[in-house]
Amino acid sequence: EVPKETETPAQNFQYTVNEDNTVFINKYTGSDKHVVIPSQIDGMPVSLLLGVPDKEYSYLATEGVFENTGVESVIIPDTVVKIGGRAFMGCKSLSSVSLSNASSLQTIGASAFKGCNKLESLDASATKLKLIEAQAFEGCSALTDLTIPASTTDLNLSAFWNCDAMTLHVQPDSPAAAFAENWGIPYTLAE
């Protein structure tokens, strides 16, 4: 468990303010090992961990928010709807990711946690998670427990490549349970 800490100051992030008065975080520029992503910057909700946007395709990241940093733990606020592609890719020291019990999270992007080989568990059961994109957890060799809600309807098989120790914790009769059964991924059903 990560202790409740004060939010990491906004000046430790590069971010974009959108026309709809939401904030996309592009890059973590701080040096703290334990990061509490702010729920608001300049009074506007942080909705997306986007990364550094591609010049031609602004919805794609050329570099993830925390990609290849030494961050060890992250607390993600309930305002975040998407953990963007490559967000934590290559974070070899990342061992703890905490999501709020009232999380708005709907998407874990492509390669979001790829190569995070110290991450042992992620509990997304209290989120609105719908989509886990390609290679999201690829190479998370220490990942033993991933808990996902019944709302998760779209899982990409490559999301779990080289996650040999992982067990999915899913809701009975959910699309995620059928996915795990169909692809031979170890799973348990929530009580």
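This report walks through the strands, sheets, one helix and the salt bridges of a predicted model.

## Ground rules

Residues are counted from 1 along each chain as its sequence is written, and side-chain values rest on heavy atoms, with hydrogens and water left out. Because the model is predicted, local features need a pLDDT of at least 70 and side-chain atom pairs count only at pLDDT 80 or more, while totals for chains, interfaces and linings use all residues.

Helices (H or I, at least four residues) and strands (E, at least two) are DSSP runs, numbered from the N terminus. Two strands pair if DSSP finds at least two bridges between them. In general, strands of a sheet pair through backbone hydrogen bonds, either parallel or antiparallel.

## Strand β2 and its partners

Let's start with β2, residues 23-28. Five of its six residues are buried, where buried means under 20% relative accessible area, exposed means over 50%, and partly exposed is in between (1.4 Å probe, protein chains only). Strand β1 (residues 13-17) pairs with β2 in the antiparallel sense, over five bridges. In that pairing, Tyr-15 sits opposite Ile-25 of β2. The hairpin that β1 and β2 make has five residues between the strands, and Asn-21 there takes a positive phi near 60°.

β2 also pairs with strand β5 (residues 44-49), this time in the parallel sense and over three bridges. Here Val-23 has Val-46 of β5 as its bridge partner.

## The three-stranded sheet

One open sheet has three strands in the order β3-β8-β10, with parallel pairing. Its edge strands, each pairing on one side only, are β3 (34-36) and β10. On average, neighbouring strands of this sheet are turned by 10° against each other, direction ignored; axes are lines fitted to C-alpha atoms (for helices, over the stretch in contact), and angles run from 0 to 180 degrees between N-to-C directions.

β3 and β8 run parallel and are joined by three bridges. One residue to look for is His-34, whose bridge partner in β8 is Ser-73.

## The four-stranded sheet and helix α1

Another open sheet has four strands, ordered β12-β14-β16-β17, again with parallel pairing. β12 (121-123) and β17 (187-189) are the edge strands, so each pairs on one side only, as the sheet order gives it. Neighbouring strands of this sheet are turned by 20° against each other on average, direction ignored. Between β12 and β14 (residues 145-147), which run parallel, there are three bridges, and Leu-122 has Leu-146 of β14 as its bridge partner.

Helix α1 (residues 175-183) lies across β16 and β17, and runs at about 145° to β17. What does His-169, in strand β16 (residues 167-170), touch? Leaving aside residues up to four places away in sequence, His-169 touches Asp-145, Leu-146, Thr-147, Ile-148 and Thr-188, with contact meaning heavy atoms within 4.5 Å. The side chains of His-169 and Asp-145 also make a polar contact at 2.6 Å. A polar contact is a pair of N or O atoms within 3.5 Å; within protein, one must be able to donate a hydrogen and the other to accept it, and residues adjacent in sequence count only if both atoms are side-chain atoms.

## Salt bridges

How many salt bridges are there? The count comes to three, taking a salt bridge as a side-chain nitrogen of Lys or Arg within 4 Å of a carboxyl oxygen of Asp or Glu. One of them brings us back to β2: Lys-27 pairs with Glu-63, with the closest N and O atoms 2.9 Å apart. This pair links distant parts of the chain, with Lys-27 in strand β2 and Glu-63 in strand β7 (residues 61-63), 36 residues apart. Lys-27 is buried at 11% relative accessible area, whereas Glu-63 is partly exposed at 32%.

Glu-67 and Arg-86 form another salt bridge, at 2.8 Å from N to O. Glu-67 lies in the loop between β7 and β8 (73-76) and Arg-86 in the loop between β9 (82-83) and β10 (96-99), so the pair ties together parts 19 residues apart in sequence. Glu-67 is buried at 8%, and Arg-86 is partly exposed at 27%.

Then there is Glu-138 with Lys-114, at 3.7 Å from N to O. Glu-138 is in the loop between β13 (131-132) and β14, and Lys-114 is in the loop between β11 (107-108) and β12, 24 residues apart. Glu-138 is buried, with a relative accessible area of 13%, while Lys-114 counts as partly exposed at 26%.
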